[in-house]
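Me: Here is a structure that is new to me. Please take a close look at one place where a small molecule sits against the protein, and then walk me outward from there into the rest of the fold.

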Amino acid sequence: MKLLLLCLGLSLACAHVEGKPNVVKHNINMTKAAGVWYSVLLASDDREQIEENGSMRVFVQSMEVLDNFSLYFEFHTIKDGKCTDINFVCDKTEENGVYSVKYDGYNTFKAVETNYDEYIMFHLQNVNDEHNFQLMELYGRDKDLSQDIKDRFVRYCRQHGVPEENILDLTTVDRCLEARDEKETQGEEEA
Ligand SMILES: *[C@@H]1O[C@H](CO)[C@@H](O)[C@H](O)[C@H]1NC(C)=O
Ligand SMILES: *[C@@H]1O[C@H](CO)[C@@H](O)[C@H](O)[C@H]1NC(C)=O
Ligand SMILES: *[C@@H]1O[C@H](CO)[C@@H](O)[C@H](O)[C@H]1NC(C)=O
């Protein structure tokens with residue numbers, strides 16, 4: 001009982017002890033966010049973009065911050081049934097924390113939430129000749145994330161107009177994990 005009262009009084013501290021994420025939503029430090037990631041959930045208000053053979057159905061492997069502060073992302077995508085490397089350099093824009101990249105139109109995106117050592121959420125806006133759309137991505141440092149973190153992402157998507165049926169769980173599909181392992185092994189052999 002005493003412990004319970006203490007927890008109520010110190011709810012923040014106790015929540016932290018229980019492993020609640022140390023959430024950062026502003027001024028996210030991309031250097032701290034760099035490194036290895038796995039795509040866990042993927043969402044869009046245009047579902048076709050993230051379905052099989054959709055151009056935005058990409059699976060992250062890593063992100064680095066380059067010397068000129070651009071971001072370098074390594075992804076895999078399934079092209080003609082085969083896992084294929086696809087990499088992007090994304091330059092900073094004038095808006096704080098917002099990056100841009102040309103791919104299937106013009107994209108701007110930012111990291112919107114992270115705790116650095118477990119998960120990160122990105123929100124992207126695509127502008128193209130036909131039909132603009134938005135994309136949300138949830139990455140984990142590990143292959144899967146807690147339900148708690150997934151729920152945070154689902155809530156974020158809903159708040160930004162993406163319904164739950166447009167959120168894909170990539171842990172149950174082919175995310176090119178094998179291609180990724182091969183690449184890592186090759187990297188070690190070359191090193
Ligand atoms: C971002 O994180 C890196 C690595 O931890 C650190 O060296 C740098 O000072 C941080 N930048 C800011 C603006 O806090
Ligand atoms: C930053 O460096 C990368 C790699 O050299 C390059 O591809 C990119 O165009 C550069 N971005 C800017 C804005 O200079
Ligand atoms: C995706 O492309 C592959 C290979 O081109 C094809 O076999 C498959 O039917 C396509 N899937 C969908 C859902 O269109």
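Reply: Let's start at D91, where a polar side-chain atom lies 2.9 Å from a nitrogen atom of ligand 2. Please keep in mind that this is a predicted model. D91 has company here: L66, N68, S70 and V89 are also among the residues around ligand 2. Two of these neighbours have polar side-chain atoms to look at as well. In the side chain of N68, an N or O atom is 2.3 Å from an oxygen atom of ligand 2. In the side chain of S70, an N or O atom is 3.4 Å from a nitrogen atom of the ligand. With these residues in place, the protein covers 39% of the 360 Å² of accessible area that ligand 2 has on its own.

From here you can move to the other ligands. Ligand 3 has E52, N53 and D80 around it. A polar atom in the side chain of N53 is 2.3 Å from an oxygen atom of this ligand, while E52 places a polar side-chain atom 3.2 Å from one of its nitrogen atoms. The protein covers 36% of ligand 3's own accessible area of 360 Å². Ligand 1 is surrounded by N29, T31 and K32. There, the side chain of N29 has an N or O atom 2.4 Å from an oxygen atom of the ligand. For ligand 1, the covered part is 26% of the 360 Å² it has on its own.

Now step inside the protein, to S39. This residue is found in strand β2. Its relative accessibility is 4%; because buried means under 20%, S39 counts as buried. A polar atom of the S39 side chain lies 2.9 Å from the backbone nitrogen of V60. V60 is also one of the contacts that S39 makes beyond its neighbours within four places in sequence; the others are V58, F59, L138, Y139, L170 and R175.

Strand β2 also leads you to a helix. The buried residues of α4 pack against β2 (38-44), along with β7 (106-114), β8 (119-127), β9 (133-140) and β10 (167-169). Helix α4 runs over residues 147-159, and its 13 residues reach 18 Å from the first C-alpha to the last, close to the 18 Å expected. Its buried residues are I149, K150, F153, V154, Y156 and C157. Seen down the axis of α4, they fall within an arc of 160°, so they line one face of the helix. A general rule helps here: an α-helix has 3.6 residues a turn, so residues three or four places apart point the same way. On the face turned away from the buried side of α4 you will find the exposed residues Q147 and Q159. Just after the helix, G161 takes a positive phi of about 85°.

To finish, zoom out to the whole protein. Its secondary structure comes to 5 helices and 10 strands. It has 191 residues, of which 42% count as buried. Among contacts between residues at least 6 apart in sequence, 53% join residues at least 24 apart. The accessible surface comes to about 11300 Å², and carbon and sulfur atoms account for 48% of that.

How values were computed:
Residues numbered from 1 in each chain as written. Chains lettered and ligands numbered in written order. Predicted model: local features only at pLDDT ≥ 70, side-chain atom pairs only at ≥ 80, totals over all residues. Heavy atoms only, no water. Helix = DSSP H or I, 4+ residues; strand = E, 2+ residues; numbered from the N terminus. Expected span 1.5 Å × (residues − 1). Buried < 20%, exposed > 50% of the residue type's maximum accessible area, 1.4 Å probe, protein only. Arc of directions from axis to C-beta. Contact = heavy atoms within 4.5 Å. Near = heavy atom within 4 Å. Polar contact = N/O pair within 3.5 Å; in protein donor to acceptor, adjacent residues only side chain to side chain. Areas by Shrake-Rupley, 256 points an atom, 1.4 Å probe, with all protein chains shown as cover.
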